[in-house]
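Subject: Structure handover

Hello,

Here is the structure I said I would pass on. My notes on it follow below.

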Amino acid sequence: MRHLLARRMKFHLLGAFLISVGCATLYKFAVAEPRKRAYAEFYKSYDPMKDFQAMKAAGVLECAPPK
């Protein structure tokens with residue numbers, strides 16, 4: 001029974017560290033990287049003036065009423 005807490009603490013700290021690193025890695029490659037690629041792909045062909053004109057024609061903007 002001697003040093004039981006210390007031995008179990010080492011085991012649980014190592015396990016918690018490995019699980020947290022695994023979750024961070026999984027998030028990076030399953031969520032963050034695809035999101036970055038999607039944003040990059042969207043902004044390759046994005047035309048802000050065309051989008052502004054579409055919002056203006058729809059009456060979304062108060063400062064630029066539709067004509």
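A residue is called buried under 20% relative accessible area, exposed over 50% and partly exposed in between, with a 1.4 Å probe and protein chains only. By that scale Lys44 is exposed, because its relative accessible area is 66%.

This is a predicted model, in which local features need pLDDT of at least 70 and side-chain atom pairs count only at pLDDT 80 or more, while totals for chains, interfaces and linings use all residues. Residues are numbered from 1 along each chain as its sequence is written, and side-chain values use heavy atoms, with hydrogens and water left out.

Helix 1

Helices are DSSP runs of H or I with at least four residues, numbered from the N terminus. Helix 1 covers residues 4-44, which is 41 residues. The expected span of a helix is 1.5 Å times one less than its number of residues. For helix 1 that gives 60 Å, and the end C-alpha atoms are 59 Å apart, so the two values agree. Helix 1 nevertheless bends by about 35° at Lys28, where the bend is the angle between axes fitted to the seven residues ending there and the seven starting there. Ala40 is also in helix 1 and is partly exposed at 42% relative accessible area. Its C-alpha atom is 43 Å from that of Lys10, 30 residues away along the chain.

Before the helix

His3 lies in the segment before helix 1. Most residues other than glycine have a negative phi. His3 is not a glycine, yet its phi is positive, at about 60°. His3 is exposed, with 60% relative accessibility.

Charged side chains

How many salt bridges does the structure hold? There are three, taking a salt bridge as a side-chain nitrogen of Lys or Arg within 4 Å of a carboxyl oxygen of Asp or Glu. Lys28, Glu33 and Lys36 are linked in a network of them. Within that network, the closest N and O atoms are 2.8 Å apart for Glu33 and Lys28, and 3.3 Å apart for Lys36 and Glu33. Lys36 and Glu33 are three residues apart in helix 1, about one turn. Lys28 is partly exposed at 36% relative accessibility, whereas Lys36 is exposed at 52%.

Lys44 and Glu41 also form a salt bridge, at 3.7 Å from N to O. They too sit in helix 1, three residues and so about one helical turn apart.

Lys28 has a further contact: it lies over the face of Phe29, at 5.6 Å from the ring centre. A charge counts as over a ring if NZ of Lys or CZ of Arg is within 6 Å of the ring centre and within 35 degrees of the ring normal.

Aromatic rings

Rings of Phe, Tyr and Trp (its six-membered ring) pair if their centres lie within 6.5 Å; planes under 30 degrees apart are stacked, over 60 edge-to-face and the rest tilted. That rule gives three aromatic pairs. One of them is Tyr43 with Tyr46, which is edge-to-face because the centres are 5.4 Å apart and the planes stand at 85°. Ring pairs link Phe42, Tyr43 and Tyr46 into a cluster. Tyr46 is partly exposed, at 32% relative accessibility.

Cysteines

A search of the whole structure finds zero disulfides, the criterion being a pair of cysteine sulfur atoms within 2.5 Å. Cys23 is partly exposed at 49% relative accessible area, and Cys63 is exposed at 72%.

Regards

Note on methods:
Helices (H or I, at least four residues) and strands (E, at least two) are DSSP runs, numbered from the N terminus.
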